[in-house]
Amino acid sequence: MNEDLKVNVSGLPQDYIDAGAPENVSTAASSSQVPAVEPEPELVVNPWDIVLCTSGTLISCENAIVVLIIFHNPSLRAPMFLLIGSLALADLLAGLGLIINFVFAYLLQSDATKLVTIGLIVASFSASVCSLLAITVDRYLSLYYALTYHSERTVTFTYAMLVMLWGASICLGLLPILGWNCLRDESTCSVVRPLTKNNAAILSVSFLFMFALMLQLYVQICKIVMRHAHQIALQHHFLATSHYVTTRKGVSTLAIILGTFAACWMPFTLYSLIADYTYPSIYTYATLLPATYNSIINPVIYAFRNQEIQKALCLVCCGCIPPSLSQRVRSPSDV
């Protein structure tokens, strides 16, 4: 038996081994009964997760530019720029949250990392939406109280808004970590695990409430802009052209702001209200991805369109300010 075994592993031709003694057959039969070691399954990456991670990378890079410009430029310390900086910081953290979620999901899978990443994403996106509402409030106050807007009272009110919105956002992000999650009871999960159905419903209802408030404020802003444009046109005696053009520009700007916000966030908000963990995950990805695009579009709408930020960006990039920017005058439609 031992000699036959030595022959079997010696590398002789297979014909010689098959023609061997019956002991070889029994040895081969016994060796064939040894269970084969199955190869470990390869790591499969969901393409949707790759898209979300790519979106998070673009969000982080774009908003990092805005944050650096605002917080390293002493001339950009007005309440409006503080709120734009808050929006950019929130979107920057949201982008980092998407990247960290991708890394942890495939390299460091644990319940603790899930809670931390979902808490960061909830807090950052909540701060982003709240910052949009704060910017809307600031724009309304700057037009309604135009004579007293540039005062110490406005700066104090702005800091108070920032403290409240970030405090509320952090509290929402801490809820999953403090125990409001579905890790122990999967039947309570929402479309985004480990958020509970009740948690997702609160976030969705809060979003709808803030969107309704923003809509109401922008309607009032539009009325003020039209009234200001009408007064300026009367003073310069060209009502027929200037009033129409300025009013149309202001209304178009407001329509772009609200339309973009609703198009990005409304699908995921409504889906979170009606769906739960039993729904196919592809629907969650398909509605969540447009919501991340809002953080990509925000710097374009609120930061890069601003004249002062454009000047600061030109100084950083080329060391000069184009004449078109230095000679531009702010109009009532620049909302």
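Begin with the whole protein chain in a surface representation: its accessible surface comes to about 18,700 Å², and 67% of that area belongs to carbon and sulfur atoms. The model on screen is a predicted one. Of the 335 residues in the protein chain, 41% count as buried.

**The overall fold**

Switch to a cartoon view. The protein chain holds 12 helices and 0 strands, so a reading along the sequence gives the pattern α-α-α-α-α-α-α-α-α-α-α-α, helices being taken as DSSP runs of at least four residues. If contacts are displayed for pairs with a separation of 6 or more, residues 24 or more positions apart account for 74% of them.

**Helices α6 and α10**

Next, select residues 111-144, which form helix α6, together with residues 281-303, which form helix α10. Two packed helices are described by the angle between their axes and by the distance between those axes. Here the axes of α6 and α10 come within 11 Å and cross at roughly 35 degrees. The crossing of this pair is left-handed.

Show the side chains at the contact. On the α6 side, select Phe125, Ser128, Leu132, Ile135 and Arg139. Their counterparts in α10 are Ala291, Thr292, Asn294, Ser295, Asn298 and Tyr302. Coloured by class, the contact of α6 with α10 has 5 nonpolar, 5 polar and 1 charged residues.

**Threonine 196**

Move now to threonine 196, in the loop between α7 (152-177) and α8 (197-236). Is this residue buried or exposed? Threonine 196 has a relative accessible area of 5% and therefore counts as buried, the cut-off being under 20%.

Display the neighbours of threonine 196. Leaving aside residues up to four places away in sequence, threonine 196 touches Trp180, Asn181, Cys182, Thr188, Cys189 and Ser190. Then bring asparagine 199 into view: the side chain of threonine 196 reaches the backbone nitrogen of asparagine 199 at 3.1 Å.

**Valine 225**

Continue into helix α8 and select valine 225. Its relative accessibility is 4%, so valine 225 is also classed as buried.

Which distance separates the C-alpha atoms of valine 225 and leucine 143? A line drawn between these two C-alpha atoms spans 7.9 Å, although the residues are 82 residues apart along the chain. Leucine 143 falls within the residue range 111-144 of helix α6, so this last stop leads back to one of the helices, as defined by DSSP runs, visited earlier.

Definitions and conventions: Residues numbered from 1 in each chain as written. Predicted model: local features only at pLDDT ≥ 70, side-chain atom pairs only at ≥ 80, totals over all residues. Heavy atoms only, no water. Axes fitted to C-alpha atoms, helices over the stretch in contact; angles between N-to-C directions. Helix = DSSP H or I, 4+ residues; strand = E, 2+ residues; numbered from the N terminus. Left-handed = near helix turned anticlockwise from the far one by under 90°. Contact = heavy atoms within 4.5 Å. Nonpolar A, V, L, I, M, F, W, Y, C, P; charged D, E, K, R; others polar. Buried < 20%, exposed > 50% of the residue type's maximum accessible area, 1.4 Å probe, protein only. Polar contact = N/O pair within 3.5 Å; in protein donor to acceptor, adjacent residues only side chain to side chain. Areas by Shrake-Rupley, 256 points an atom, 1.4 Å probe, with all protein chains shown as cover.
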